[in-house]
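These are my notebook entries from a first look around. Have the sequence and the model open while reading.

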Amino acid sequence: LYFSLPQHFTNEYLKNEVLSLAEKNKCSDAARVRITVFKGEGGLWEKPTSSFNYLIQCWPMEKKEFKLNENGLSIGVFEDGWKSCDAFSNLKSNNYLLYAMAAQYAKQQKWNEALIQNQHNRICDATIANVFFIRDGIVHTPHLKEGCVNGVMRNYLLKQFTQAGIKTQEGSYTIDEFLLAEEVFLTNAIYGMRWVKSFGNKTCPCELSARIFQQYISPLFV
């Protein structure tokens, strides 16, 4: 973003700022934290500057442990907008219009979530989650080049799968390929993991997905 960090703005400084705010807001045991970085002047870039502002917000977590949803999610595909694949696609930014519209569309369709496609009509991610599916014993997820958000839980699971020798593949997937999935689950850092029961007329079980949750997600709050 072409910002020059002040000398005092280190990883340790930011960590302490977050912990201090969480203590003030009485949510040190489990909190949702959002850090927003932005240009301070509020204008465009016609005057070169390296200054920046940041805002830290935190709220108590409603649920202080990860639990796998008992009822599987119902999902569908949002087809009124597409996400571009570029250098900024993997960042979680304030440019959230596409995801917000997809979430509203999902509510209208009485789905729990909506899948987002990229400009090539391939699966990108969901409105607030990364997408995983299982086929032939291999755990698949869209590659970062497909434009998905570079999620914390996504990275965590991929690392755990690699260490455990679980076959994984980051690739490019059309909706037709997605329909061949045996199981589907979604991940984010707030709820951990949720399994998908229905996608259109397709119904999915929760077998390997449940084992993945028990082995890799549940222990995070033990």
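I began with a rule for charges and rings: a charge sits over a ring if NZ of Lys or CZ of Arg is within 6 Å of the ring centre and within 35 degrees of the ring normal. With that in hand I looked at R194, which lies over the face of Y191 at 3.9 Å from the ring centre.

Some ground rules before going on. This is a predicted model, where local features need pLDDT of at least 70 and side-chain atom pairs count only at pLDDT 80 or more, while totals for chains, interfaces and linings use all residues. Residues are numbered from 1 along each chain as its sequence is written, and side-chain values use heavy atoms, with hydrogens and water left out.

**Entry: aromatic rings**

I noted that a pair of aromatic rings is described by the distance of the centres and the angle of the planes. The rule I used: rings of Phe, Tyr and Trp (its six-membered ring) pair if their centres lie within 6.5 Å, and planes under 30 degrees apart count as stacked, over 60 as edge-to-face and the rest as tilted. How many aromatic pairs does a search of the whole structure find? It finds 13. One of these aromatic pairs is F133 with F178, edge-to-face, at 5.5 Å centre to centre and 80 degrees between the planes. The two rings come from distant parts of the chain, 45 residues apart: F133 is in strand β6 (residues 130-135) and F178 in helix α4 (residues 175-178). For those names, helices (H or I, at least four residues) and strands (E, at least two) are DSSP runs, numbered from the N terminus.

Are these two rings buried or exposed? Buried means under 20% relative accessible area, exposed over 50%, and partly exposed in between (1.4 Å probe, protein chains only). F133 has a relative accessible area of 1%, so I wrote it down as buried. F178 is buried too, with 1%.

**Entry: a cluster and a pocket**

I also found one aromatic cluster, formed by F3, F9, Y13, F52 and Y54. Then I turned to pockets. On a 1 Å grid over the protein atoms alone, a pocket is an open set of points where a 1.4 Å probe fits, with protein on both sides within 12 Å along at least five of seven lines, and lining residues have an atom within 4 Å of a point. Which residues line the second largest pocket? They are F3, L5, F9, L14, I35, V37 and F52. F3, F9 and F52 are thus in the cluster and in this lining. The lining has seven nonpolar, no polar and no charged residues. (Ala, Val, Leu, Ile, Met, Phe, Trp, Tyr, Cys and Pro count as nonpolar, Asp, Glu, Lys and Arg as charged, and the others, Gly among them, as polar.)

**Entry: strands β3, β4 and β10**

Why is β4 described as largely enclosed by the rest of the structure? Because five of the five residues of this strand (residues 113-117) are buried. I recalled that in a regular strand the side chains alternate between the two faces of the sheet. On β4 both faces are covered, with E113, L115 and Q117 buried on one side and A114 and I116 buried on the other.

Next to check was strand β3 (residues 73-77), which pairs with β4 in the parallel sense over three bridges; two strands pair if DSSP finds at least two bridges between them. Across from β3, V77 stands opposite L115, and G76 stands opposite A114. β3 also pairs with strand β10 (residues 192-199), again parallel and over three bridges. There, S74 has S198 as its bridge partner. Four of the five residues of β3 are buried, so I put this strand down as largely enclosed as well.

**Entry: two loop residues**

K110 has a positive phi of about 60 degrees although it is not a glycine. I located K110 in the loop between α2 (97-108) and β4, and at 75% relative accessibility K110 is exposed. D136 also has a positive phi, about 55 degrees, and is not a glycine. D136 is in the loop between β6 and β7 (138-142), exposed at 62%.

**Entry: two distances**

F161 is in helix α3 (residues 152-164) and is buried, at 0%. F161 and Y216 are 55 residues apart in sequence and 9.0 Å apart in space, C-alpha to C-alpha. T168, in strand β8 (residues 168-171), is partly exposed at 33%. T168 and E182 are 14 residues apart in sequence and 14 Å apart in space, C-alpha to C-alpha.
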